[in-house]
Amino acid sequence: MNTKQFKLSAALSSLMLLSACSDSALDTVSTTLLGGAFKGPIDNALVNVLNQNDDVIATGVTSAGTFSIERFDFPAEGEAVFIETRNGQYTDEATGQTVSPDGTGLMTVFTVSELKDMIENGQTIALTPETTVMAKLVKKALQDGVAVSQAITNAKTVIQLELIDGTSPVPGIAGDEILLSGDLTTALPDDQAQALARNRAISFSYDAESYNLLPQQVFELIETTVSDLEDGKLDGRDINGLALTILDKDAVEIDLSGIDRKNQYGMARSSLLSNTIDRLSRGDLSDAERAELSQMGIDTDFFEQMNRDNQQAEDNTAANLQATNLPAFNFLTLLADEDGDAANHAATYTLTATSSVDVTINAPGQSWVTPMMRYNGLQLPPVIKASRNDVMTLNLVNDLSSDTTIHWHGFKIPGDQDGGPDYPVAANGSKQYSFSMLQPAAPLWFHPHPDMKTGEQVYRGLAGVFLLTDDISEQLEADKALPAGPYDIPVLVQDRRFAEEIAGVRELEYKTSAMDSLGMYGNDILVNGAILPKLEVETRLYRFRIYNTSNARTYDFALNNGASFTVIGTDGGLLAQPVEVDHIMLGAAERVEIVIDFSQFAVGENVMLISRAFNGANMMAMGNIADMAGMDNMAGMSGMSGMNGMNGMSGMSGMSGMSGMSGMSEMMSNGRRMDIMRFDVTTEVTDEVTLYTALPDSAEIITQRLTAAEATKTRDFIMSMTMGEMGSMANASSTGMAAMKFVINGKSFDMNRIDEIIDLAEGNTEIWSIKNMSPMAHPFHAHAIQWQILDRNGVAASGVDLGWKDTVLVQPGETVNFIGRFDPAINSGDYMYHCHILEHEDAGMMGFFRIK
């Protein structure tokens, strides 16, 4: 049935009319009616059984959500029976507050014959928010003369299509359907369908919270949903096309017609599951909650294994702190300006993309050669340094066998110079990029961006650093308020997977498993091209510009001893005020500038930069994913955790021994604790640098601080993942998951489609609301400008989030609102927005926006 044409009212009035219950024959029930009211369990509520004229024909009271009614008189066959709760109390799952519904509650409806059958079979009827919506829709339809059975069928259909389908937080799982029977109040649901029904019922509380409603206002939201669905569409409008509104807890009127309500509900479901899995990863769930997650297809043993591996990795850090075979830290090569004039505010560079460069990889106790793609045949990624207002001429020569581009990541430049997939450079071709640097000092970078080939070319080695300075940063360095020169160090962190060594050569492995399409995760961490390197430092301040240039991996950087460090900059420049932290999480393509004060450590002391353990692998805990990959017994990997050494790296024992399990094992390691690099404090010195405490008032991060009130438009971008039929998943190729779709706003990338048009004549300041309705985190990247985060899930930005951003990590169920101002003098043409998990981007999680 097409819900766009479907009405729940007079369209079916030609069907048989119902006789009034008062005139019908009575049929006495001689067995017990069992029921459960779940929002969670509603205790001490009045239960009414009513006929379709709202006459009460039996009553009861809930106890811990359940009730039983021994005897009552049925209406005649063909009529409706409604069961409702009123008053009582329950604990709101989103806030933990006690809610006492005042004169309202939950509801459901059955035909007389349906209810008789359920009683005869000893089934427990379920009262939930969605059965309440169903019952209220049926009441409205009955008033329009629709037959009972048809009204119930219509209501169930519209709820399934408009509210449930496409909102499951577990892609590809069965049983996500409206549930009319089953006791949801028990500690453990009976089956997967009940577990999913509980998820949906609890998610109504998270949905209410997302609208900034009080917990008890969930019943207002249910009533509004009824009015919304009366025309068969969940579009924020009533049956007459009028916009529906609701007052939030601050008495602010919310216009629901401007909100994608289905996706908002899906976000609530995703947030609930993510929060529950976070608790599981911390060992903070009861046995019953663990069992319920298992019923939803979540492999809870997976997280126990991760916890064991994290503990093993933590134990092995002590050995790595004392190891004597760590390789030396590599410093990246600074390219020379080809015009030879350092004072002309112009620079020319040539970047030749080359394949099969023999790169030496140094690891603890060993080394080997890996053929890689590189710019200019260099062993390591290059560094370009420029100043604000410099005019750049950048020549790309493509010596690869396929198209490539150079995307200037984080740059504020015209669309035709941006290096997106719409301007490919053919094999053996060339292109000249030319633009001016008209933005603050920042740790920018560059990498290929060809259509459907970005992930592979970046993974195989094409990337570079672009350090932009300005008057403010240069003055801070001159005033010794920032570490500079040899104490200002770019650090590129990338994970890679290497094949077994043959004659001293280890090839890179790329997308050798179906799971790799979820994101390419390696089992070795390269830091400026070396595995677990050591850097000798003095007792002074060091500035590290950390780039997460991995294809997919997220890191949570920290020092192994928990010491604090200072964040001074983000993707697009310096922070107005430095922020002291003890860890910082970076998604793929995010950057951060940190200052570590090594004077807090004694000479002879070693300190490890680590990535802390966190929950970063929800997808791999989903049983349907594991089954598809033939990896349904993840817990069986426990024997690997004690194996010391991968490539001679004792600190990686938690991930060792997995090379034969390409793809699946490395995906699981996302979020595992790992050692990144070691700092060896070797020399005591007197430091002349005193870190700045505030940027001058002229800094753009201060003068151009934006507020929501300045925005002329808000756009929604919803990132989601869907699966096809399980049968098709079984036939997925060994190099990709054919049935997995990565989409933004329900659409896969189309080179010939412009998804968003920004007309600067209508305003140049916009809020982009980024919503993640999938079970895994996605780093959202937008080209053209730098942005400012306004809030995350309604909580105002603070600390590090107050910096310039071009990429933002959005967690499952999270909404991040950021604001940006397009510059008519610079921004024109077509640009991209996309997930920066490059395999997702290549698979279509990307769109075009045009600035005119």
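Colleague: How do the residues of the lining of the largest pocket divide between nonpolar, polar and charged?
Modeller: They divide into 21 nonpolar, 18 polar and 10 charged residues. Keep in mind that this is a predicted model.

Colleague: What makes the largest pocket a pocket, and how much space lies in it?
Modeller: A pocket is an open set of grid points, whereas in a cavity the probe fits but cannot get out. The space in the largest pocket is about 1,100 Å³.

Colleague: Which residues lie nearest the centre of the largest pocket?
Modeller: Of its 49 lining residues, Asp556, His583, Met585, Leu809 and Gln811 lie nearest the centre. Two or more lining residues come from each of α6 (261-281), α8 (300-322), β31 (584-586) and β32 (591-597). The largest share is that of α6, with 5 residues.

Colleague: What is the volume of the second largest pocket, and which residues are closest to its centre?
Modeller: Its volume is about 960 Å³. The lining has 32 residues, and Ser210, Gln264, Lys771, Thr815 and Asn817 are the closest to the centre. Elements that give two or more residues to this lining include α4 (192-210), α6 and β44 (815-821). Here too α6 gives the most, with 5 residues. By class, the second largest pocket is lined by 11 nonpolar, 13 polar and 8 charged residues.

Colleague: Why is Gln264 called buried?
Modeller: The cut-off for buried is under 20% relative accessible area. Gln264 has 11% relative accessibility, so it counts as buried. Gln264 is in helix α6. Its C-alpha atom is separated by 9.1 Å from that of Thr167, although the two residues are 97 apart along the chain.

Colleague: How many cavities of 30 Å³ or more are there, and what lines the largest cavity?
Modeller: The count comes to 4. The largest cavity holds about 60 Å³ of space. Its lining residues are Leu163, Phe204, Asp207, Tyr211, Leu221, Thr225, Leu234, Arg261 and Tyr265. At least two of them are supplied by each of α4, α5 (218-229) and α6. The lining of the largest cavity has 6 nonpolar, 1 polar and 2 charged residues.

Colleague: How do you know that the span of α4 agrees with its number of residues?
Modeller: At 1.5 Å a residue, the 19 residues of α4 should span 27 Å. The end C-alpha atoms of α4 are 26 Å apart, so the span agrees. There is still a kink of about 25° in α4, centred on Ser203.

Colleague: What makes α4 mostly covered, and what caps its N-terminal end?
Modeller: Of the 19 residues of α4, 15 are buried. The cap is Asp191, with a side-chain oxygen 3.2 Å from the backbone nitrogen of Ala193. That distance is within 3.5 Å, so the pair meets the distance limit for a polar contact. After α4 comes Asn212, whose phi is positive, near 65°.

Colleague: Where does α8 bend, and how does its span compare with the expected one?
Modeller: The bend is about 25°, at Asn316. The 23 residues of α8 should span 33 Å, and its end C-alpha atoms are 35 Å apart, which agrees. Asn316 is among the buried residues of α8, as are Phe302, Phe303 and Met306. Asp299 caps the N-terminal end of α8, a side-chain oxygen lying 3.1 Å from the backbone nitrogen of Asp301.

Colleague: Is Asp571 buried or exposed, and what does its side chain contact?
Modeller: Buried: the relative accessibility of Asp571 is 0%, against a cut-off of under 20%. Asp571 lies in the loop between β29 (565-570) and β30 (573-581). Its side chain makes a polar contact with the side chain of Lys805, at 3.2 Å. A polar atom of the Asp571 side chain also lies 3.2 Å from the backbone nitrogen of Asp806.

Colleague: Why is Ala64 called partly exposed?
Modeller: Buried means under 20% and exposed over 50%, with partly exposed in between. Ala64 has 46% relative accessibility, so it counts as partly exposed. Ala64 is in the loop between β4 (56-61) and β5 (66-69). It has a positive phi of about 55° although it is not a glycine.

Colleague: What is the phi of His345, and where is that residue found?
Modeller: The phi of His345 is positive, about 55°, and His345 is not a glycine. This residue is found in the loop between β14 (333-334) and β15 (346-363).

How values were computed. Residues numbered from 1 in each chain as written. Predicted model: local features only at pLDDT ≥ 70, side-chain atom pairs only at ≥ 80, totals over all residues. Heavy atoms only, no water. 1 Å grid on protein atoms, 1.4 Å probe; cavity = no way out; pocket = protein on both sides within 12 Å on 5 of 7 lines; lining within 4 Å. Points joined across faces, edges and corners; volume = space filled by probe spheres on them. Helix = DSSP H or I, 4+ residues; strand = E, 2+ residues; numbered from the N terminus. Nonpolar A, V, L, I, M, F, W, Y, C, P; charged D, E, K, R; others polar. Expected span 1.5 Å × (residues − 1). Bend = angle between axes of the 7 residues up to and from the residue. Buried < 20%, exposed > 50% of the residue type's maximum accessible area, 1.4 Å probe, protein only. Polar contact = N/O pair within 3.5 Å; in protein donor to acceptor, adjacent residues only side chain to side chain.
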